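Open the model in your viewer and keep the selection tool at hand. The stops below say what to select next and what is there.

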Amino acid sequence: MMNSLKSLPYVLLVLCCSIGMAQRRSGPVLPPNPLPYDLLLQGGHIVDAKNNIDGVEDVAIKDGRIAAVGEHLDTKDALKTIDVHGFWVTPGLIDLHTHVYAGTGERGSYAGDNSVYPDGFTLRNGVTTIVDAGSSGWKNFPDFKDKVVDRSITRVLVELNIVGSGMRGGNYENNLDDMDGKATGEFALKYPGVVVGIKSAHFTGPEWKPYEQAVVAGNIAHIPVMIDYGSRRIERPLYDLVTKYLRPGDIYTHCFSGNRGEQDANTGGPSKALIDMRKRGVYCDIGHGGGSFAFSVAAPIMASGYHPDSISTDLHITSMNGSMKDILNVADKMILLGETIPEVFAQMTANPAHEIKQDQLGNLSVGAIADVAVFSEEHGTFGFFDMFGAKDVGHTKLVCELTIKGGKIVYDLNAIEFDQWDAPKHSSDPALAGHWTVFDERPFGSQRSSRWPSWIPPSQRKAAEGGKPQ
Ligand SMILES: [Zn+2]
């Protein structure tokens, strides 16, 4: 009895928290929507690179899928319409290079404390899909899947590390005996659509084995290989990696770091390795991270017309508070270096989807999963710094206004989906809001006919509304 009494406050606390914080609709009964659309985003500037759309149109969503894209869709056909005039509307962003194997408690490890949980860093930036780049290998992937992949709102796809133990530090990552392409590839085959690539990273030795074995695994599972080329070694030149070892369709990340021969020493532009790898179809991925993006490298390479195929963050516990911050900050840097806004969106949607052979993502085709993001564009004076603490100043900043995952709003910066708190009634039926948002609507309107609290007598309300003194 004493025990149960003692635990009562705790139970109440948990209950209160779950009610107060639980914005998510989990009610089993949601009346069907008889209309053609659940949600209509009206009048935004759509950038859908896969479908060559770059202009003002509407997007309609029904049952978690894109239902229509076109000019002047009828608002009467939707449960809810949100005016997004003046905003950019894109497919949900895809971040190809992140580290999110948090929660193991392992110190100093990307399969542990160096990782972050995805949902706190993705949805608020318009990111709906991420790829964890090799934090786990085939030996600890099941634990990673249980702890993070299966529990996140964000769609978490995975590149398995060629090291069976994953990204747990130098002793593991340099262990040639734990790099088994056959075991890794056969394991990857068990998780199609989740394991979408093989990663090698941080290798310091002179051997080619990590890259050879990564390609062995990639060939078995028919998935691409992403390379963080580790220490620069004269025994294994970058040119040979990208022209002899990697296959067309493989991904070279950290491609603007300058750490391993990406930049031509004379011209400052792209090295022959970067130029020839592009000719072969090996992709150039940014992978900004904490130490993989330098203005002194990126600016001259970009000025020569060599742009990345994909913008990714290399999100982890230090890059997010350092020069990287988030994917939009990286995109802002690319805009500062001369890219257009439609170009950076392509590099965060259709391009990365294609690189990992997940072309069903990253577009707004009718029938596609309704992952959508809405952005505003701010103008001003904005400072950005790089891995060396060198600064540049830009004048455009992308801000995520709204993120939709699987047809439902999961992030709303400026409350653009909601009604004013003292509006007399809802603009849409709150009983059906579960079709288009995860947020609960406050029960006013039909359930509360007045903005006055119940303890104020009707005579006083009337007098106040009529402006008469009491
Ligand atoms: Zn990384």
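**A tour by selection**

Begin by selecting Asp 314, which sits in the loop between helix H8 (295–303) and helix H9 (327–336). Bear in mind throughout that this is a predicted model. Is Asp 314 buried or exposed? Asp 314 counts as buried because 27 other C-beta atoms lie within 10 Å, where 20 or more are needed for that label. Its phi is near 55°, a positive value in a residue other than glycine. Such a value deserves a look, because most residues other than glycine have a negative phi.

Next select His 72, in the loop between strand E3 (65–70) and strand E4 (78–83). Here too phi is near 55°, positive in a residue that is not glycine, but His 72 counts as exposed, since it has 9 C-beta neighbours inside 10 Å.

Now select residues 209–221, which make up helix H5, a run of 13 residues that reaches 18 Å from its first C-alpha to its last, close to the 18 Å expected at 1.5 Å a residue. Among the buried residues of H5 are Pro 210, Tyr 211, Gln 213 and Ala 221. To see what covers the buried residues of H5, add the surrounding elements, including helix H4 (181–188), strand E9 (195–200), strand E10 (225–227) and helix H6 (238–245). Just after H5 comes His 222, with a positive phi of about 55°.

From there, move to Lys 357, in the loop between helix H11 (350–355) and strand E13 (372–385). Which residues is Lys 357 in contact with, leaving aside its neighbours within four places in sequence? They are Val 196 and Ile 223. Lys 357 is partly exposed, because 14 other C-beta atoms lie within 10 Å. Its C-alpha is separated by 9.1 Å from that of Gly 249, although the two are 108 residues apart along the chain.

Then select Val 374, one of the residues with the most contacts inside the largest nonpolar core, which has 122 residues. Setting aside neighbours within four places in sequence, the contacts of Val 374 include Leu 41, Phe 87, Trp 88 and Leu 402.

Finish with strand E14 (residues 391–405) and E15, which pair in the antiparallel sense over four bridges. One bridge joins Ile 404 to its partner Ile 409 in E15. The two strands form a hairpin with two residues between them, and Gly 406 in the turn has a positive phi of about 55°. Strand E15 (residues 408–412) is mostly covered, with four of its five residues buried.

Terms used: Residues numbered from 1 in each chain as written. Predicted model: local features only at pLDDT ≥ 70, side-chain atom pairs only at ≥ 80, totals over all residues. Buried ≥ 20, exposed ≤ 12 C-beta atoms within 10 Å, placed from the backbone. Contact = placed C-beta atoms within 7 Å. Core = buried A, V, L, I, M, F, W, Y, C linked by C-beta atoms within 7 Å. Expected span 1.5 Å × (residues − 1). Pairing = 2+ DSSP bridges.
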